[in-house]
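Got your viewer open? Switch to the cartoon view and get ready to click along.

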Amino acid sequence: MGVSCGRQRPRYECRTAQTHRAEPVCQSFVAPAVDALIVNSFLDAVRPAVLEATLVTLHDLGRERSAVDRQWQLHLERARYEARLAGRQYDAVDPDNRLVARGLGRR
């Protein structure tokens with residue numbers, strides 16, 4: 001079968017008999033009707049794989065989001081710890097020792 005674009009709409013035509021034996025075209029039909037059937041059949045065949053791939057991707061994104069959330073929680077916990085530590089050190093310093101107090105105040 002070959003594609004013929006000589007008419008108003010593209011067609012699939014079998015020209016073997018015409019080319020080799022000078023006989024009329026044996027089969028001919030409009031391409032858009034067949035193309036639509038082929039596309040729909042293909043999409044029906046791959047639909048389960050597409051759904052499975054989508055579910056796997058969503059699951060992976062969920063795991064990635066959980067990992068990112070966990071990392072932020074750890075960063076936040078570390079920042080709170082360092083703030084509490086700096087506060088305790090500042091409170092523990094002798095008020096007469098201004099140099100140490102200023103350094104701790106900046107932290």
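Below is a short tour, one selection at a time. Keep in mind that this is a predicted model.

**Stop 1: the sheet.** Select β1, β2 and β3. You're looking at an open sheet of three strands in the order β1-β2-β3, paired antiparallel. Which strands stand at the edges? They are β1 and β3 (27-30), and each has a single partner strand, so one side of each is left without a neighbour in the sheet. Turn the view a bit: neighbouring strands here are rotated by 30° against each other on average, if you ignore direction. Strands in a sheet pair through backbone hydrogen bonds.

**Stop 2: between β2 and β3.** Zoom in on this antiparallel pair, which is joined by four bridges. For one pairing, pick Glu 13 and look over to β3, where Ser 28 is the bridge partner.

**Stop 3: Arg 11.** Stay in β2 and show the side chain of Arg 11. Does Arg 11 count as buried or exposed? Buried, yet without a salt bridge: the nearest side chain of opposite charge, Glu 13, is 4.1 Å away, and a salt bridge has to be within 4 Å. Now display what Arg 11 touches farther along the sequence, including Gly 2, Val 3, Phe 29 and Val 30.

**Stop 4: the helix.** Select residues 31-92 to light up helix α2. Helix α2 lies across β2 and β3, and runs at about 75° to β3.

**Stop 5: Cys 5.** Finish in the loop between β1 (2-4) and β2 (11-14), where you'll find Cys 5. With a relative accessible area of 60%, Cys 5 is exposed, because the cut-off for exposed is over 50%. Try a distance label to Ala 31: the two are 26 residues apart in sequence and 9.7 Å apart in space, C-alpha to C-alpha.

Methods:
Residues are numbered from 1 along each chain as its sequence is written. This is a predicted model: local features need pLDDT of at least 70, side-chain atom pairs count only at pLDDT 80 or more; totals for chains, interfaces and linings use all residues. Side-chain values use heavy atoms; hydrogens and water are left out. Helices (H or I, at least four residues) and strands (E, at least two) are DSSP runs, numbered from the N terminus. Buried means under 20% relative accessible area, exposed over 50%, partly exposed in between (1.4 Å probe, protein chains only). Two strands pair if DSSP finds at least two bridges between them. Axes are lines fitted to C-alpha atoms, for helices over the stretch in contact, and angles run from 0 to 180 degrees between N-to-C directions. Contact means heavy atoms within 4.5 Å. Lys and Arg count as positive and Asp and Glu as negative; His and the chain ends are not counted. Lists of a residue's contacts leave out its neighbours within four places in sequence.
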